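Q: Hi, I'm new to reading structures, could you walk me through this one?
A: Gladly, let's look at it together.

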Amino acid sequence: MSVPDFTDLTLDRAQPLQAQLYRMLVQRICSGRLSTGSKLPSSRRMSASLGVSRNTITQVLEQLKAEGFLTSRSGQGVFVCASLPPHVEAPSE
């Protein structure tokens, strides 16, 4: 399983980066572009590829974990949860 690199994301520096990154990740998870069980890159790697601070990345990942979109496995990384949170509808096929 390959780890997405997010180099295709373009952030608008005029808008809050944390909010943009949050929306983009939720959109990719809900659309299935980031499939269940997908491993995300490390916060350091995401920070470097997006050109934003690691603190911003960490805050977004923690928010998504708290909301049930992501889960972390000690020593393995951060993964998309097996199922979407109850308040989110799966994309229709």
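Q: Where should we start, maybe with how helix α2 and helix α3 cross?
A: This is a predicted model, and in it the axes of helix α2, residues 43–50, and helix α3, residues 54–66, come within 8 Å and cross at roughly 120 degrees.

Q: And what do we call an arrangement like that of α2 and α3?
A: Angles from 65 to 115 degrees count as roughly perpendicular and those over 145 as roughly antiparallel, so α2 and α3 are oblique to each other. Their crossing is right-handed.

Q: Which residues make that contact?
A: From α2 the contact involves S43, R44, M46, S47 and L50, while α3 contributes R54, I57 and T58. Sorted by class, the contact of α2 with α3 has 3 nonpolar, 3 polar and 2 charged residues.

Q: How do the axes of α1 and α3 cross?
A: Helix α1 covers residues 17–31, and the axes of α1 and α3 come within 9 Å, crossing at roughly 45 degrees. Angles under 35 degrees count as roughly parallel, so α1 and α3 are described as oblique to each other. The crossing of α1 and α3 is right-handed.

Q: Which residues meet there?
A: On the α1 side they are L17, Q18, L21, Y22, L25 and V26, and on the α3 side T56, I57, Q59, V60, L61, Q63 and L64. By class, the contact of α1 with α3 has 9 nonpolar and 4 polar residues, with no charged ones.

Q: Switching topic, how many salt bridges are there?
A: The count comes to 1 salt bridge, in which the side chains of K65 and E62 meet at 2.9 Å, N to O. Both K65 and E62 lie in helix α3, 3 residues apart, which is about one turn of the helix.

Q: What about the strands, do β1 and β2 run parallel or antiparallel?
A: Strand β1, residues 70–73, and strand β2, residues 77–80, run antiparallel and are joined by 4 bridges. As one example of the pairing, S72 has V78 in β2 as its bridge partner.

Q: And what lies between the two strands?
A: β1 and β2 form a hairpin with 3 residues between them, and in the turn G75 has a positive phi of about 80 degrees.

Note on methods. Residues are numbered from 1 along each chain as its sequence is written. This is a predicted model: local features need pLDDT of at least 70, side-chain atom pairs count only at pLDDT 80 or more; totals for chains, interfaces and linings use all residues. Side-chain values use heavy atoms; hydrogens and water are left out. Two strands pair if DSSP finds at least two bridges between them. Axes are lines fitted to C-alpha atoms, for helices over the stretch in contact, and angles run from 0 to 180 degrees between N-to-C directions. A crossing is left-handed if the near helix is turned anticlockwise from the far one by less than a right angle, and right-handed if clockwise. Contact means heavy atoms within 4.5 Å. Ala, Val, Leu, Ile, Met, Phe, Trp, Tyr, Cys and Pro count as nonpolar, Asp, Glu, Lys and Arg as charged, and the others, Gly among them, as polar. A salt bridge is a side-chain nitrogen of Lys or Arg within 4 Å of a carboxyl oxygen of Asp or Glu.
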